[in-house]
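These are my notebook entries from a session spent looking things up in the structure shown here. I kept each entry to one topic.

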Amino acid sequence: MKKILITPIILFALSLVSCKKYLEVQPFDSVSDENTIFDKSSAESAVRGAYRSLASNNYGSAFQTTILLSGGDVKSLNNAQTDLNTINYDLRSDIAFLSTFWLNGYNTINRTNHIIEKVPLITDANLTAALRDQLLGEAYFIRALSYFDLGRLFGNVQIFLAPTKQVADKFGVKQSSQSQVYDQVIADLNKAESLLPATIVRNRARKLTATALRARVYLYQKKYAEAEADANTVLANPNYKLVKPFALAAGTPESVLELSYSVDAVNPGYALWNTSNRALEPKAVIHNLLNDPTVGGGRKILSVANAAGQFIGGIFPTNTAANYVIRTAELYLVRAEARAQKSTPDLTGAVSDLNEVRVRSGLTAIASVSNKEDVLLLIENERRVEFALEPVRWFDLVRTGRAATVLNATNPAKYIFPIPASEILADPSLVQNPGY
Amino acid sequence: MNRSVYRPIYFIGFAMVFCLGLHSTSFAQTANVFLAGKVIDEKLKTALEGATIHIKGTTHEVISDKKGEFKFITGQRVPVVYIVSYVGYTTREIPVDNYNHVEIRLTESDAKLNDDVVLVGYATQNRKSVVGAITKIKAQETKHIPVASFDAQLQGKAAGVQINTFSGTPGESVKVQVRGTASINASNDPLYVIDGVFVNNNSLATIDLGSKKTSPLADINPADIESIEVLKDASAIAIYGSRGANGVVLVTTKRGEYNSPKTKYTLDVSNGWQKADAGRLWKLTTGPEHATIVNEQWINSGIDRPSLNQTYANRPFRPVSEVINGVPGRGNPEDQQTYDRLSRVFRTAKIKNYDFDVLGGSEKIRYNVGVGYTNQEGILKPARFERSSAKFNFDAKLSRKITFSSSNGVYRSFRQQVRGGAGQQAGHLLAALHHPTYLPIFNADGTPARGSIYENIDNLTNTEITNISTKSLRYIGNQSVEFDIAPGLKFKTSVGMDYNNYHEREFFADQTIIGGAPNPPGYRNDVLTTYTVFQNEQLLSFTKAINKVHNITALLGNSIQEVNVNIVAAKGQGFPNNSFQQISAASVRTSSQSQSKSTLASFFGRLNYNYDNKYFLEASLRADGSSKFGANNRWGYFPAAGFAWRAKQESFLENVKQISELKFRTSVGLAGNQNGINDYASRGLWAGNGQYPDDLVNGQKPGIAPFQLENPNLKWEKTTTYNAGLDLGLFKNRITINLDAYYKYTTDALLYLPVPGSTGYSSSLANAGEVSNKGIELGINSTNIKTSSFEWTTSFNIASNVNRAEKLISPITFEAREYRRTQVGAPLGSFWLYKQLYVDPKTGDAVFDDVDKDGKLTQADRQLLGNLIPKFFGGLTNTLSYKGFDLNILFTYQYGNDVYNFNKYILEGGGTRDASRSILASQLSRWQKPGDITNTPRVTSVGNNYNIEQNSRYLEDGSFVRLKAVTLNYTLPAKLIAKAGLNKVSVYLLGTNLWIATKYTGADPESSGSAGQNLDGLDTATPPQPIGVQAGARISF
């Protein structure tokens, strides 16, 4: 009898002893928060993680679709209800893609904030001072770009410069205005520029990448002299030049910053234009412009009519094609606009920059133009075809105040998107943008 | 003494001496006498050969002969009690007080609803002494209903258990909820325990099935099941601790019988057909109608917003010759053709089912061997579910004190799958239903044509071109040894295992969207998931009766459980041609692997006491430690107590003949829920999936990114349940009534709190909500008519549950479009919509309820306008028996729940979706001219008429009454078959889903596009449950 009873007693006792250890199960495919960024290799990995988010989240398909549809030259083949809201400039705060933009932007920012906080504390001897600066500079650059996009999408957003450790960290912070957000972007870019090496790596941020982005931001801030100066700095470097004929291939001197993809992290824009199952199509108006030898020239490859008379957008040939964030052509056009707009306009310089872009696509150069407004219109139209399938035109027309005239988007309150309703729900201190 | 006790042989000897001694004092031994009788089948009045007749209190037993006759030559004197048993029949105790020939009638055990023995957690109890709310279902009643998994077969059979079949595709998942929805984000599925093994019931599907899931319970052959118990109240579920809160479903498979006179073989064969109810399928506009609506919308939009530059002149459906901007017209509406795709994707599906069962036993062993094969086609091509199963249950009395039991089931399921539900590129039903009818199925050159976003329907239904399939191999087994340590004291130790090997395979040939240009040609994806549950359990039980009135039962146990999941996936693109389907032949190959593990350690105990079978007390406690939870809250404790009073035992009811049973039950207790949450839910985690190159030359390098916020305080969701019940039997139990009322309050609800997106996370798992459920369940069983040849019984159940979110930090919405929302004061996951009041007869514009009266339609105007929870639901079963005929009719019903008709939202889009989606015929009732009274607004892409996704116009009443199953069974006369050496032969006809009454305009009110929690209730391109007819035969020999 004792012998029989002994078995359960032993088993009970054994299980009690081993319980604590038994219940301590470590994850296999992820690491705990504490040991993430602590040496050279983990710091490098974290920075790559931030780029991945920039490439796959920030510039995902919803961002491209919404900005292209808002720009008026591209139409949706899905004809989803939200596409109607977009093209009618009638967004509601509960439309799903808005929170996608918001979340993705801050997700990337949180990644960079972790890097900015933790990389300076690393004591690993393998992490050289130069590499440490480079990694930090890249984080500052990615943060700047993410805030810039949040600022131009939503206008009034919160600025956080420290990583999230608990949810409570983020409650009740007042939103900054769009101009305050742009100021923060400039501050980060200045930091990035000072930290980054002067090498040329086209799919990562380097010193001149920061300068180039700053040129764009200055244009948004209407600081034209500064924009021109930054564009000058980048264009003076022989590694950045226009490639003839017009093509959007990876790794060319055209590329100032491009985002890279692979078979397991595909370019989200590809599916939008993929010929077998397109979601987007260039409208006839832009197709005709691109295919007009006096307007589009070499850029006609962006819209090709197939046998069925459908227009096929030609921006991403494969699902691993690079996605350009900044091109040399943009810097020429930024400088052209800055030159035309600065306090003492340099119209000749502006037209000369414009012609660089035109001639590259096989168009004739424009003779000198004496009227500033005409030059600006020429630049606007050039940007329209040059960036026909890139998410640019909507922001351009809002920035220059021409959206009402060109797009018949007459309510200026709709030039920034509504703060996502779900965000206001999660943090009631957020204030909805006026007009929504 | 010590020596003699632990040597079994001495112990047995002692017991025998003791017994004999006892008998010799009771009965004086004198000359032998004859005791004789006959054993017959109660209903068929046929002789039962091989029944065992045992005289109670003796070792004397005999077996009935061919004519059912038996005879004892014994020294016993009347009165005696016979214990009569026969395989498949309910054992009876018959008191005999004279020496006359007696006729003993046995009833088939599977024909009886309330068996006397009920399985409770870790033990069995006599129904009379059960304190908890437990429903027992005999699997025989439902096992032929062709839905693959046994849980789906239970619809309408158990009060308070809501079961909805999401789609008509066999082997897909089913929604089962016991007593309402207690959890917001953790799973609401009950816990499933099969022969003591805690089995996996989470779908292992990883590939895109159009938001559908597969049911792991479909692996199990319903024919192997003996009975199913659903444990509902605290007193029943608390013993399952941290996993019991959603109810527990205990499944017992068939076992053999000791001393079985002969081995019983049963063969059950059936064949059947199923098809969709054509009258309920969607009606689409014709090509000309579609074109007319699109043109009308085009022109109206142009009027509403001139900058769109949309006029009659440039309308899309204009003569082909009118070329504008290089684009020719699509032809006038009247020139359009109509192409029917639905008839190409639906079919009459065949069902085949074979089960063979062997049951037997000797004095020392008993066994049951069952093999089964099912092949069931889906009505949606090319879906098919095929299952082969083998079941082996074996018990052996190794000695008088040691019994070994083994339960084993080996299952192989094959699923030819479809993406029914969401999923544009390869949605099988989307491509048929949502494809505009004016677009041809074939191009002019005869090749399959595609729409703008859909695959060609013939490419999808041809498994040479699109092949999505899964093979699941599964073993569920439990091995145990039980020791009789001393009278009433038992110890049992067991090892159980549930091994799932789930192999998914997708292939898309190079002419498909997914596998075709400009992608590299061909697409193949292979995923192997292994999911293993390993458990070890010790039970010590003790029973003692003191002075015959104090009955005590105690149970003490512990268990450990480990769940391991490993997923390996490989994908290939770029094949030389369609003949090459091995990933190694692909030019682009990617792979991934992931692994996780969780552990659970538990201690539990239960004490039952009853006084004179009149007053019953039950108390239990379980302690669970789980690796899933935060270091600060790893252990949880779940107590429960119950009390029952059998008033019928009291003297004042003794003479009330009408009342044959009256029992009051009440219980209170705590149970937990940890199901459906991530294995590492409490930790702050970074994931290694953020790869990015360092430059243009050297390709991707690994990257990391944060993906989960830490919550060291994460703990169980806890549900306190109060239950009060009544069991009433009237007129010798001709009518039995079971009534239960309950109140469940869940605290620390596990939920994904919406956190500000500015944190970089979209949500964070926390214990942050409280939910209540209260309800009433009523079950009535009645034998309406009973004569010697005719019997009519009715079984009815109804349940009502009121669900309410009691406390939340902020409202929670689900899915990007936020159709459903949980907020305080309302049922969980209510539909959150803009309310369309009417269509203005003057303008044709939809008028919405402007809740905040600000003149604009903003999110603040959304309202909670209904939910998935029925006001009441249940089932009605009528059984009529006449001689060899049995007719069983089952109705199921549900009242007061809503369904969002998502197909209608997409397909009644006012022509704004142009060539990307078909248009429902109901769109034709649109407003066209002032004075039109309609609910369907003027077609335009401008304004709110068709731009509101969450429009209440598409929310519909999902109430229904369904004739779920009608079975006609005929048992051939025994005389006829005895010549053929057979024991019993019956033939049956089964009709399923023959009739439905519902106001819902979609194909099936139970359909749901997604099987995900909080995402169901939206009916998207889902095949309805089919009408079916099956014919079968069951032969025993």
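**Entry 1, a three-stranded sheet.** In this predicted model, I looked up the sheet of chain B that has the strand order β4-β1-β7, and I found it to be an open sheet of three strands with mixed pairing. I noted that β4 (69–74) and β7 (102–106) of chain B stand at the edges, and because each has a single partner strand, one side of each is left without a neighbour in the sheet. Neighbouring strands of this sheet are turned by 30° against each other on average, with direction ignored. I then followed β1 (33–41) of chain B, which runs antiparallel to β4(B) and is joined to that strand by six bridges. For a pair to find on screen, I took B:L35, which has B:F72 of β4(B) opposite.

**Entry 2, domains of chain B.** I looked up the domain assignment of chain B, which gives domain 1 as 31–107, domain 2 as 117–253, and domain 3 as the segments 264–277 + 346–679 + 700–829 + 867–908 + 953–1036. Between the C-alpha centres of domain 1 and domain 2 of chain B I read a distance of 38 Å.

**Entry 3, a five-stranded sheet.** I turned to another sheet of chain B, an open one with five strands in the order β10-β15-β16-β13-β14 and mixed pairing. Its edge strands are β10 (134–138) and β14 (197–198) of chain B, each of which pairs on one side only. Within the sheet I checked β15 (225–231) and β16 (248–253) of chain B, which pair in the antiparallel sense over six bridges, and I marked B:V230, which stands opposite B:V249 of β16(B).

**Entry 4, strand β11 of chain B.** Is strand β11 (residues 161–165) of chain B enclosed by the rest of the structure, or how many of its residues are buried? I found that five of its five residues are buried, so β11(B) is largely enclosed by the rest of the structure. B:V161, B:I163 and B:T165 point one way from the strand, while B:Q162 and B:N164 point the other way, and all of them are buried. I also followed the pairing of β11(B) with β12 (174–178) of chain B, which is antiparallel and extends over five bridges; there, B:I163 has B:V176 of β12(B) as its bridge partner.

**Entry 5, where the chains touch.** I looked up the contacts between the two chains and found 84 residues of chain A in contact with 86 residues of chain B. On the side of chain A that touches chain B, the elements giving two or more residues include α1 (2–22), α2 (40–58) and α5 (96–118) of chain A. By class, this side of chain A has 35 nonpolar, 33 polar and 16 charged residues. For the complex, the predictor gives an ipTM of 0.90 and a pTM of 0.83.

**Entry 6, backbone exceptions.** I went on to the backbone angles, keeping in mind that most residues other than glycine have a negative phi, and that most peptide bonds are trans. The peptide bond from A:K244 to A:P245 is cis, with omega near 0°, and A:P245 lies in the loop between α9 (224–235) and β3 (255–259) of chain A. In chain B, the bond from B:K381 to B:P382 is cis, with omega near -5°, and I placed B:P382 in the loop between β19 (365–377) and β20 (384–397) of chain B.

Although A:N408 is not a glycine, this residue has a positive phi of about 60°, and I found A:N408 in the loop between α16 (403–407) and α17 of chain A. Is A:N408 buried, exposed or partly exposed? A:N408 counts as partly exposed because it has 13 C-beta neighbours inside 10 Å. B:K883, also a residue other than glycine, has a positive phi near 50° and lies in the loop between β44 (872–882) and β45 (885–895) of chain B; with 14 C-beta neighbours inside 10 Å, B:K883 counts as partly exposed.

**Entry 7, confidence in chain B.** I closed with the pLDDT of chain B, whose mean is 86, with 96% of the residues reaching 70 or more. Over residues 1–29 of chain B the pLDDT stays under 50, and for this stretch the model has 16 contacts beyond four places in sequence. Residues 110–114 of chain B also stay under 50, and there the model has ten such contacts beyond four places in sequence.

Technical notes. Residues are numbered from 1 along each chain as its sequence is written. Chains are lettered from A and ligands numbered from 1 in the order in which they are written. This is a predicted model: local features need pLDDT of at least 70, side-chain atom pairs count only at pLDDT 80 or more; totals for chains, interfaces and linings use all residues. Two strands pair if DSSP finds at least two bridges between them. Axes are lines fitted to C-alpha atoms, for helices over the stretch in contact, and angles run from 0 to 180 degrees between N-to-C directions. Domain bounds come from an automatic or database domain assignment. A residue is buried if 20 or more other C-beta atoms lie within 10 Å of its own, exposed if 12 or fewer, and partly exposed in between; C-beta atoms are placed from the backbone. Two residues are in contact if their C-beta atoms, placed from the backbone, lie within 7 Å. Ala, Val, Leu, Ile, Met, Phe, Trp, Tyr, Cys and Pro count as nonpolar, Asp, Glu, Lys and Arg as charged, and the others, Gly among them, as polar. pLDDT is the predictor's confidence in each residue, from 0 to 100.
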